[in-house]
Amino acid sequence: MSYSVTDPSLRQKWGAGILVITYALITLLPLVWIVATGFKSPADSIAYPPKIVFQPSLEGYVNLFTTQTRASEETLKALGEPTTWYDKIVRAKNMMIAGPSRFPERFFNSVIIGFGSTFFAIVLGTAAAYAFSRFRVPLKDDLLFFILSTRMMPPIAVAIPIFLMFRHLGLSDTHAGMILLYTAVNLSLSVWLINGFIDEIPIEYEEAALIDGYTRFQAFYKVVLPQAATGIASTAIFCLIFAWNEYAFAVLLTSGNAQTAPPFIPTIIGVGGQDWPAVAAGATLFLLPVMIFTILLRKHLLRGITFGAVRK
Amino acid sequence: MAEVRLDGLTKKFNDSVALNNVSITVPDGSFVVLLGPTGAGKTTTLRMVSGLDTPDEGDVFIGGLSMKGLTPAQRNVAMVFQQYSLYPHLTVRDNLAFPLKSPLLKTPADEIRRKISEVAEILQISHKLDNKATALSGGEMQRVSIGRALVRNPAIYLMDEPLSSLDAKLRSDLRVELKNIQANLGATFLYVTHDQIEAMTMATHVGVLDEGKLVQFGTPREIYENPISIYSASRLGQPRINVLPAHLFDGAPENAHSIGLRPEQIEQGKGEDSLVTRVEHLGDQTRLHLSFKDHDLITVTDAHTRLQSGDIIKIQPEKPFYFDADGARLA
Ligand SMILES: Nc1ncnc2c1ncn2[C@@H]1O[C@H](COP(=O)(O)OP(=O)(O)OP(=O)(O)O)[C@@H](O)[C@H]1O
Ligand SMILES: [Mg+2]
């Protein structure tokens, strides 16, 4: 890597700034669209030309979280005046709330499976990477290449064998099964990335800790781990993004019990007309966890994403 | 503190022998300096004692107990590494506290504070205690890494060229401090250096390593005044000992192959002519580069000499060392 030793000039700074902002605006546009649609009424959401200014409504979110039935006028009268704000929104359409929707459940499945598999991919990946980096492992290079090679084939290519395997093992439509699957897919990435980060940490630090009276494991978590935190954080984000967004296996292997949000959100459309605001609301909420996770880890991320090119 | 005994240590890396049957006894409370050129096995010796590496043959005894199979933590040794490896994610203070907080010592907090300020004082780094370890100069890092050893009270201090990147003044300050620690606390040191003054002033014993073999062990004066070989004689002395063919001067014994002359073994003003080729004024002394019968040699003379290059000066050996064809000292 080479570094420029002079500070960028004002013109360069402006140029870079404009470029970054333009790029950000272009990539953010679909996001803004989705978030805005979530707050539109169903009519506004399909208006043409699209409405930039609109009356914000929480109808999409209410539809997302509830199931509703059409009720006759007498039934509605018998119910009396709506008591809550969401009741009011639903009654205005001559509908009534029949119960909660399955969205929270699906969302929660995504959280368990996404973060669970990330956790295991990171813990196991770190352990394996440390061993590869520090111990004399027979056939080390071949093993590492083998681990990487599992990622060269698109995972979905083995969908059918996995489907059958899961059915035989009773893993179909279980959280454990999905966590296992995503961990397995992510593990090769995490071993490789974290191995690179640990290789960069000179072994002398651990030796110093051993002399200073610590055991090998204590030296690992007091000296190696803090220095690898950067790399581990960025690896965790990669793993989470994959597991969080995964669609194909989720469709294939989950249904009533362990279904995650990605296969669930499109099914919202079908319920009583094209309810785009509800879909958009679901998509907006779906974005949040990865965003929050990334923001929480961002101070580690900046350095990690350069893959250790910056000397500490 | 304890006596440390290295017993027949042999270590091979692949096919090259880094240590070859090295036995050294480091008496309790002594200061043993290891000398030898680069690659002689000095660092390897320290690593064997610390337990970072295990010998292929031989054993290390600390306080009479075999260290076979013991981890570095279990041996209770402190080590200053050649590449001072401070923990980069910690401050200087936390680096110094690190060994004290280990499960081995579990020092109470006020004791840690007291030790750190005491050691920081000695090493003149009190004003840098809250720096990140990476925000230090090379010399400061080296002092922190010495400090990380000094906060402890181990069986032995192992130090690998600990003063190498310090300026002359600091170096002489710390030389005195380390020597005080050894003399007053009775601490035991095994110490690697290339520095002649460190070896002569601090050591109670010097061990000379040659390609993994211990070739001479004794007090610094013994090594200096009574070297067993050209190799040993070359370890100490500034400028280096001059080695010339024995027959250049009269009076060489029959089987002598070469003659070794330290500056103080060259008497000036008597004997045969030599040509002054260069005069170096070093301040406290002046070095003369001489050409004697087409052989170069270096000696010292008084600081205010009038001699210039081109002058002729008479020289003759005085109680020189004679060596045989293999470089071994003749009686
Ligand atoms: N980990 C290792 N793998 C292979 N060879 C090694 C290893 N460590 C040391 N050696 C070899 O062992 C020999 C002794 O090395 P050592 O580090 O002890 O030298 P040294 O006396 O400390 O030298 P220096 O003054 O340069 O520090 C050298 O030839 C070196 O190449
Ligand atoms: Mg060395």
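Which element gives the most to the shell around ligand 1? Let's keep that in mind while walking through the complex, which is a predicted model.

A word on confidence comes first. For the complex, the predictor reports an ipTM of 0.86 together with a pTM of 0.82. Chain B has an average pLDDT of 92, and 100% of its residues score at least 70. As a general caution when you read any such model, predicted coordinates should not be read in detail where pLDDT is low.

Now to the ligand. Around ligand 1 you will find Phe13(B), Ser16(B) and Ala18(B), then Gly36(B), Thr38(B), Gly39(B), Ala40(B) and Gly41(B), followed by Lys42(B), Thr43(B), Thr44(B) and Gln82(B). Two elements of chain B, β2 (16-26) and α1 (42-50), each supply at least two residues of this shell. The answer to the opening question is α1(B), which gives the most, with three residues. Sorted by class, the shell around ligand 1 holds eight polar residues, three nonpolar ones and one charged one.

From the ligand, let's move to the place where the chains meet. Here 16 residues of chain A are in contact with 22 residues of chain B. On the side of chain A that touches chain B, the elements giving two or more residues are α10 (204-211) and α11 (216-245). The largest share comes from α10(A), with six residues. By class, this side of chain A divides into eight nonpolar, four polar and four charged residues.

How values were computed:
Residues are numbered from 1 along each chain as its sequence is written. Chains are lettered from A and ligands numbered from 1 in the order in which they are written. This is a predicted model: local features need pLDDT of at least 70, side-chain atom pairs count only at pLDDT 80 or more; totals for chains, interfaces and linings use all residues. pLDDT is the predictor's confidence in each residue, from 0 to 100. Two residues are in contact if their C-beta atoms, placed from the backbone, lie within 7 Å. Helices (H or I, at least four residues) and strands (E, at least two) are DSSP runs, numbered from the N terminus. Ala, Val, Leu, Ile, Met, Phe, Trp, Tyr, Cys and Pro count as nonpolar, Asp, Glu, Lys and Arg as charged, and the others, Gly among them, as polar. A residue is near a molecule or strand if its C-beta atom, placed from the backbone, lies within 6 Å of it.
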